[in-house]
Amino acid sequence: MAADLSWTGMVYDICIVGAGLWGSSAARHASLPGRKVCLIGPSEPQEKDRPSRDIFASHYDVSRTVRKYQGSDHIRSLMTMRAYKGLQELEGTTGIQLNAAVGHIMYGKDIESITVPIAKEEGVLLTAEGVRERYPFLDTSRYGDTAMLLPVDAGHANPRMIVRAQQEAAALQGCDIIDDVVQSVEESGDHTHGEPLMRVVIEKERPLLAKKVLLCTGAFTQFKDLLPPSTKLDFGIDGSFTVRLEVGEGDLEKLRSMPTMTSFTDEDWKCYILPPIKYPDGKYYVKLGPGYQDQRRLTSLKEVKDWFLSKPDPKLVEKYRDLLLSIVKGFHPVSVKTDMCVISHTPTELPYCDMLSPRLGLAIGGNGFGAMISDEVGRMAAEMIAGGENWSRDIPREMFKARVLTPTANL
């Protein structure tokens with residue numbers, strides 16, 4: 001799908017920087033008839049190429065929890081409701097299977113008070129004993145005696161396949177997809193019809209010109225020259241990890257009905273869990289990762305790159321292995337594997353989807369829900385950068401406004 005960059009005088013209406021879950025979604029939604037759009041970002045590196053790479057992504061995986069309602073927050077639940085529908089439509093359009101609707105359990109302490117009303121409409125309130133009755137191999141009682149089962153429109157999706165499907169759909173709609181890394185974005189000094197153009201400098205080819213640029217660059221947004229001068233966002237990056245326990249043939253059938261799970265319990269034991277899923281090596285793994293605990297703040301490009309190339313603390317791997325085995329009873333893992341990822345945080349716990357200038361917008365800040373809301377954020381961002389008035393639908397757009405840190409004045 002790589003675009004031919006041999007043209008002369010090309011000016012894009014919209015250039016989207018960052019070809020992950022959000023950027024790929026934005027490219028599909030932005031690529032309307034009569035509009036020239038490009039999507040720029042590096043493809044997933046081969047293992048041998050990882051040490052020489054600076055830019056990575058957390059979607060290099062085959063499993064993410066997705067559901068119609070996020071469950072514990074009304075605004076996020078509105079976004080997941082729309083994103084889940086969008087993924088279903090994308091699945092139908094492309095023929096690429098994205099979702100596995102195995103259900104989802106929110107478990108922990110006082111779940112009924114945590115669950116928002118729109119999620120309760122489709123949820124089934126259970127005790128820990130009720131969870132065991134439905135899933136004899138699960139015991140959540142150690143972490144609280146309540147649970148909310150979302151039996152329909154919930155499960156897991158393949159983030160690699162979501163990116164592929166979004167990009168295939170975008171390309172069919174005329175979007176140019178460019179496998180490259182953007183080094184800088186700035187006003188060019190060039191004009192078209194009296195309007196200034198944006199200059200996008202990439203590594204492998206000559207600069208591109210665009211009327212507008214949308215940054216979907218996640219954790220790397222402030223590590224390249226992408227933002228207006230002196231702009232520093234209130235935006236944090238935490239290194240996290242996942243633990244995958246290989247499921248042998250003897251356990252696979254027993255765990256086949258397992259739902260995805262999220263815990264709302266004591267801080268040290270918060271986690272998310274996914275059921276046995278087949279990975280590219282042909283093996284099945286149960287995966288889990290921490291909530292917001294046991295993470296490390298990263299503040300530079302080198303720190304982020306080093307994190308992606310590292311391994312988690314073995315004591316933390318053991319902690320989460322034991323946590324899983326305390327819930328999934330009688331499970332005997334064949335092996336243990338780990339993967340590194342990063343989570344970008346905003347102080348609002350909602351994405352930044354905002355215009356930083358009349359020609360530069362951004363959509364960043366997954367807060368741990370990036371895959372679950374990806375199609376909706378991509379739609380919002382695409383409509384926003386194109387000048388749409390109602391891109392945030394019934395959510396006040398102030399909730400997605402980027403917060404900028406103002407340097408302290410010298411006194």
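User: What makes Lys 401 count as partly exposed?

Analyst: A note on the source: this is a predicted model. Lys 401 has 49% relative accessibility. Exposed needs over 50%, and buried needs under 20%. The value lies in between, so Lys 401 counts as partly exposed.

User: How do you know that Asp 354 and Lys 401 meet in a salt bridge?

Analyst: Their side chains come to 3.9 Å, N to O. The cut-off is 4 Å between a Lys or Arg nitrogen and an Asp or Glu carboxyl oxygen. The value is within that limit, so the pair is called a salt bridge.

User: Which parts of the chain does this pair tie together?

Analyst: Asp 354 lies in strand 19, residues 352–357. Lys 401 lies in the segment after helix 10 (374–385). The two parts are 47 residues apart in sequence.

User: Is Asp 354 buried or exposed, and how do you know?

Analyst: Asp 354 has a relative accessible area of 14%. That is under 20%, so Asp 354 is buried.

User: Which residues do shared salt-bridge partners join into one network?

Analyst: Glu 376, Arg 379, Glu 383 and Arg 393 are joined that way.

User: Which residues is Arg 82 in contact with, leaving aside its neighbours within four places in sequence?

Analyst: Arg 82 contacts Glu 376, Arg 393, Asp 394 and Ile 395. Arg 82 itself is found in helix 2, residues 74–94.

User: Why does Arg 82 count as buried?

Analyst: Its relative accessibility is 15%. The cut-off for buried is under 20%, so Arg 82 qualifies.

User: How many salt bridges does a search of the whole structure find?

Analyst: The search finds 31. One of them joins Lys 109 and Asp 266.

User: Why is the pair of Lys 109 and Asp 266 called a salt bridge?

Analyst: The closest N and O atoms are 2.6 Å apart. The limit is 4 Å, so the pair passes. This pair links distant parts of the chain, 157 residues apart. Lys 109 sits in the loop between strand 5 (104–108) and helix 3 (111–114). Asp 266 sits in the loop between strand 14 (260–264) and strand 15 (271–278). Lys 109 is partly exposed at 42% relative accessibility, and Asp 266 is partly exposed at 40%.

User: What about Arg 321 and Asp 322: what makes their pair a salt bridge?

Analyst: Their side chains meet at 2.9 Å, N to O. That is within 4 Å, so the name applies. Arg 321 is partly exposed at 29%. Asp 322 is partly exposed at 36%.

User: How many disulfides does a search of the whole structure find?

Analyst: The count is 0.

User: Why is Cys 175 too far for a bond with the closest cysteine sulfur?

Analyst: The closest cysteine sulfur is in Cys 38, at 6.8 Å. A disulfide needs sulfur atoms within 2.5 Å, so this pair fails. Cys 175 is buried, at 5% relative accessibility.

User: Why is Cys 353 too far for a bond with the closest cysteine sulfur?

Analyst: The closest cysteine sulfur is in Cys 216, at 8.0 Å. The cut-off is 2.5 Å, so no disulfide is called here. Cys 353 is buried, with a relative accessible area of 1%.

User: Why is the pair of Tyr 279 and Tyr 285 edge-to-face?

Analyst: Their planes stand at 85 degrees, and the ring centres are 5.3 Å apart. Pairing needs centres within 6.5 Å, and edge-to-face needs planes over 60 degrees apart. Both conditions hold, so the pair is edge-to-face. Tyr 279 and Tyr 285 are both buried.

User: How do you know that Arg 244 lies over the face of Tyr 279?

Analyst: Arg 244 is at 4.3 Å from the ring centre of Tyr 279. The distance limit is 6 Å, and the angle limit is 35 degrees from the ring normal. Arg 244 also lies over the face of Tyr 285, at 4.6 Å from the ring centre.

User: What makes strand 3 and strand 4 edge strands?

Analyst: The open sheet has 3 strands in the order 3-8-4, with antiparallel pairing. Strand 3 (64–67) and strand 4 (99–100) each have a single partner strand, so one side of each is left without a neighbour in the sheet.

User: How do you know that strand 4 and strand 8 pair?

Analyst: They share 2 bridges, in the antiparallel sense. Pairing takes at least two bridges, so the count is met. Asn 99 stands opposite Ala 157 in strand 8.

Terms used:
Residues numbered from 1 in each chain as written. Predicted model: local features only at pLDDT ≥ 70, side-chain atom pairs only at ≥ 80, totals over all residues. Heavy atoms only, no water. Buried < 20%, exposed > 50% of the residue type's maximum accessible area, 1.4 Å probe, protein only. Helix = DSSP H or I, 4+ residues; strand = E, 2+ residues; numbered from the N terminus. Contact = heavy atoms within 4.5 Å. Phe/Tyr/Trp six-rings, centres within 6.5 Å; stacked < 30°, edge-to-face > 60°.
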